[in-house]
Number of protein chains: 2
Amino acid sequence: MSVSEERPYHHGRLREALLEAAESTLREHGQDQLSLRKLARDIGVSHAAPGRHFPDRQALLDALAVAGFERLDRELRKAVAAAPADDFPARLDAAVAAYLHFATQDAALLELMFSGKHRPGAEEVRAASEAGFGLMEGMIREGQESGHLEQGSSEQVGMVLFATMQGIATLVNGDMIGRSQMDALVERAVAQFLRGTRPA
Amino acid sequence: MSVSEERPYHHGRLREALLEAAESTLREHGQDQLSLRKLARDIGVSHAAPGRHFPDRQALLDALAVAGFERLDRELRKAVAAAPADDFPARLDAAVAAYLHFATQDAALLELMFSGKHRPGAEEVRAASEAGFGLMEGMIREGQESGHLEQGSSEQVGMVLFATMQGIATLVNGDMIGRSQMDALVERAVAQFLRGTRPA
DNA sequence: ACCTGAACACCGTTCAAGT
DNA sequence: ACCTGAACACCGTTCAAGT
């Protein structure tokens, strides 16, 4: 799948190329090091070319955040689907492990997704985030029906669970706890949500 | 306390002035809008003057993070000290409320404190953060002794509690939940930590 | 429809020189 | 000891003009 001999005037898939390059720059060097001019240079277009596809730098960052939420959603669904359908604790563990894997794999992306400093009309980002919350809420309802979780608003319980995992990821990403401590915290936190199905 | 007529060659307290100006710029306009050159302009020194006090931009951001941890520590201690000494749930509520007040008051500062993208030798930031964790752990031990909290590693329980609050703050700062929802989540989360002392 | 090249108004950082 | 002014190598963004 090699590119044509002399790069043509039109790139053809510049938008996708920008997103791919930006994603790996973000992961490897962080948001501060991500420059539209450098991306353009690496891809081989003029520095003004990105402007055709993203009105400004934040628009590209927003697009990365949206892509992040979509990938997170895919990974969560995949993990839960792979767990036994009749073992709620195992399903919860799978979801939690998948979330923490995602969240601690790419600290800069996680920050982009949740920091909330998006473009004024960033309804797309908010919308993309809701898919994941929906999945979480569905799982909570499942656990409530099987008697593994306390009753009450499944949305609230899901949010508290999510917040706990997000907070643990923040501690890891901020180098305040190590990965081994993370596992212990996650286990303790999940046990707190499950009622009487495990030793404290 | 007016400044002398014609600004003198030496500012006198430039380091402090930079930190003060940076703190309010951060709060009002965010990290991206914080520029050393603009701070220097506002204060009335040359654009190279900040370099004397902070080797680079990140050094100033690190100093802001350290100041943030110190203020957080003060506010937590003050809130806990004001709560009745013999009412653990009330003391826990006070600490939690104080933390969330701090964390949702200045989203940009919170991100600076916990994002962990500090200068390579940023031992100062890590050290400053430990004071708050120490206070949290002490409170947990208190609650375990009075029978309000589950037994086990007080450090771990404290970390999980802290992570939960941090996560809720992230949801608020990222505009994913509103302030009224926040209160409900906090109440539910705290109730989960307290054993049998409140209705679920 | 998509991209270029020049231009504008910014940055952070360095360093000789000034007080 | 502390600050200035010029210089360097970058940015993001805009816009006429090119293909």
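This text leads through a predicted model, beginning with the two domains of chain A, continuing to the surface near DNA strand D, and ending with the interface of the two protein chains.

The domain assignment divides chain A into domain 1, residues 1-55, and domain 2, residues 58-196. Taken over C-alpha atoms, the centres of domain 1 and domain 2 of chain A are separated by 30 Å. The two domains nevertheless touch: 13 residues of domain 1 of chain A are in contact with 12 residues of domain 2 of chain A. Between them, these domains bury about 1,000 Å², and carbon and sulfur atoms carry 79% of that area. On the side of domain 1 of chain A, the residues that lose the most area to domain 2 are A:Leu26, A:Gln31 and A:Phe54, which together make up 44% of what that side buries.

Turning to specific interactions, the rule finds 1 salt bridge across the interface of domain 1 and domain 2 of chain A. A salt bridge joins A:Asp106 to A:Arg27, with the closest N and O atoms 3.9 Å apart. Since the cut-off for a salt bridge is 4 Å, this pair falls within the rule. For polar contacts across the interface of these two domains, the count is 0 residue pairs with both members at pLDDT 80 or more. Two helices of chain A, α1 (14-29) and α2 (36-43), each supply at least two residues of the side of domain 1 that touches domain 2. The largest share of that side, 6 residues, comes from α1(A). By class, the side of domain 1 of chain A that touches domain 2 of chain A contains 8 nonpolar, 2 polar and 3 charged residues.

The next region is the surface near DNA strand D. This strand is surrounded by 24 residues, of which the closest are A:Tyr9, A:Arg37, A:Arg41, B:Ser46 and B:His53. Of the atoms of DNA strand D that come within 4 Å of the protein, 52% belong to sugar and phosphate. A polar side-chain atom of A:Arg41 lies 2.5 Å from a phosphate oxygen of DNA strand D, and a polar side-chain atom of B:His53 lies 2.7 Å from a phosphate oxygen of this strand. In the case of B:His11, a backbone N or O atom lies 3.0 Å from a phosphate oxygen of DNA strand D. Among the secondary-structure elements, α2 of chain A and α3 (50-53) of chain B each supply at least two residues of the surface near DNA strand D, and the largest share, 4 residues, comes from α2(A). The surface near DNA strand D has 9 nonpolar, 8 polar and 7 charged residues.

The last region is the interface between the protein chains. Here 41 residues of chain B are in contact with 41 residues of chain A. The two chains bury about 3,400 Å² between them, with 54% of it on carbon and sulfur atoms. B:Met176, B:Arg188 and B:Gln192 supply 21% of the area that chain B buries against chain A, more than any other three residues. B:Arg188 also forms a salt bridge with A:Glu150, in which the closest N and O atoms are 3.7 Å apart. Across the interface of chain B and chain A, the rule finds 4 salt bridges and 9 residue pairs in polar contact, both members at pLDDT 80 or more. The elements of chain B that give two or more residues to the side touching chain A are α6 (107-114), α7 (123-145), α8 (154-173) and α9 (179-193). The largest share of that side, 14 residues, comes from α8(B).

Conventions. Residues numbered from 1 in each chain as written. Chains lettered and ligands numbered in written order. Predicted model: local features only at pLDDT ≥ 70, side-chain atom pairs only at ≥ 80, totals over all residues. Heavy atoms only, no water. Domains from an automatic or database assignment. Contact = heavy atoms within 4.5 Å. Buried area = accessible area lost by both parts, 1.4 Å probe. Salt bridge = Lys/Arg side-chain N within 4 Å of Asp/Glu carboxyl O. Polar contact = N/O pair within 3.5 Å; in protein donor to acceptor, adjacent residues only side chain to side chain. Nonpolar A, V, L, I, M, F, W, Y, C, P; charged D, E, K, R; others polar. Near = heavy atom within 4 Å.
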